[in-house]
Amino acid sequence: MEYRQLTQTQRYQIHARYDLSMSQRQIGRELNLHSSTISREIRRNATADGYDPEQAQTLSDHRRRTATKWTKRLPGMMAAVAGRLREEWSPQQISGFMAPLAGVSVSHQWIYSLIWDDKARGGDPLAASPSAQTPQ
């Protein structure tokens with residue numbers, strides 16, 4: 001089984017089976033989830049009244065929104081992207097160019113994120129290299 005976050009439907013299915021006093025292993029088998037996933041879900045999202053799938057989904061959404069996102073923004077890569085932006089390349093062009101050159105894929109979304117973050121800090125990615133600023 002590969003990792004995937006639980007859906008709201010799965011949480012309601014867990015709740016229904018848990019209310020029927022099914023074991024965590026039985027629930028896992030029926031939903032094609034590992035029993036430890038069921039255990040962790042129930043433990044993490046238990047309330048005084050038991051397992052609440054609506055609250056579990058709300059908490060999961062909150063954790064996902066507020067989780068620290070790790071990105072690898074190497075100064076050299078950021079400088080290369082900024083140089084291409086100054087040459088008026090589009091993020092799509094830069095993305096296509098960087099993969100064979102650096103051996104690292106750089107998505108156009110990552111480049112837009114870099115631009116937006118730089119603008120949010122008051123910078124201008126076309127005026128100065130983002131590598132001169134603090135990487136995230």
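## How far can we trust this model?

What pLDDT does the protein average, and what percentage of the residues score at least 70? The average is 83, and 81% of the residues reach a score of at least 70. Keep in mind as you look around that this is a predicted model.

Confidence isn't spread evenly. Among the regions to look up is helix H2, residues 24–31, where confidence is highest, with a mean of 96. At the other end is helix H6 (residues 91–102), where it is lowest, at a mean of 80. Then there's the stretch of residues 128–136, where pLDDT stays under 50. The model does give that stretch 19 contacts beyond four places in sequence. Still, where pLDDT is low, the predicted coordinates should not be read in detail.

## The overall layout

Let's walk along the chain. The protein has 7 helices and 2 strands. Starting from the N terminus, the order is α-α-α-β-β-α-α-α-α, with the two strands sitting after three helices and before four others.

How do the parts touch? Take the contacts with a separation of 6 or more: 49% of them are between residues 24 or more positions apart.

## Inside and outside

The protein is 136 residues long, and 29% of those residues count as buried. On the outside, about 9100 Å² is exposed, and carbon and sulfur atoms supply 51% of that area.

For a buried example, find Trp-110 in helix H7, which covers residues 108–120. Why does Trp-110 count as buried? Because its relative accessible area is 14%, and buried means under 20%. While you're there, look for Pro-91: it is 19 residues away from Trp-110 along the chain, and the C-alpha atoms of the two are separated by 8.7 Å.

## Two loop residues with positive phi

Now for a couple of backbone details. Asn-32 isn't a glycine, yet its phi is positive, at about 55 degrees. You'll find Asn-32 in the loop between H2 and helix H3, the latter running over 35–44.

Glu-88 is another non-glycine residue with a positive phi, this one near 70 degrees. Its place is the loop between helix H5 (75–86) and H6. Is Glu-88 buried or exposed? Glu-88 counts as exposed because its relative accessibility is 72%, and the cut-off for exposed is over 50%.

Conventions: Residues are numbered from 1 along each chain as its sequence is written. This is a predicted model: local features need pLDDT of at least 70, side-chain atom pairs count only at pLDDT 80 or more; totals for chains, interfaces and linings use all residues. Side-chain values use heavy atoms; hydrogens and water are left out. pLDDT is the predictor's confidence in each residue, from 0 to 100. Contact means heavy atoms within 4.5 Å. Buried means under 20% relative accessible area, exposed over 50%, partly exposed in between (1.4 Å probe, protein chains only). Accessible areas come from the Shrake-Rupley method with a 1.4 Å probe; for residues, only the protein chains shown count as cover.
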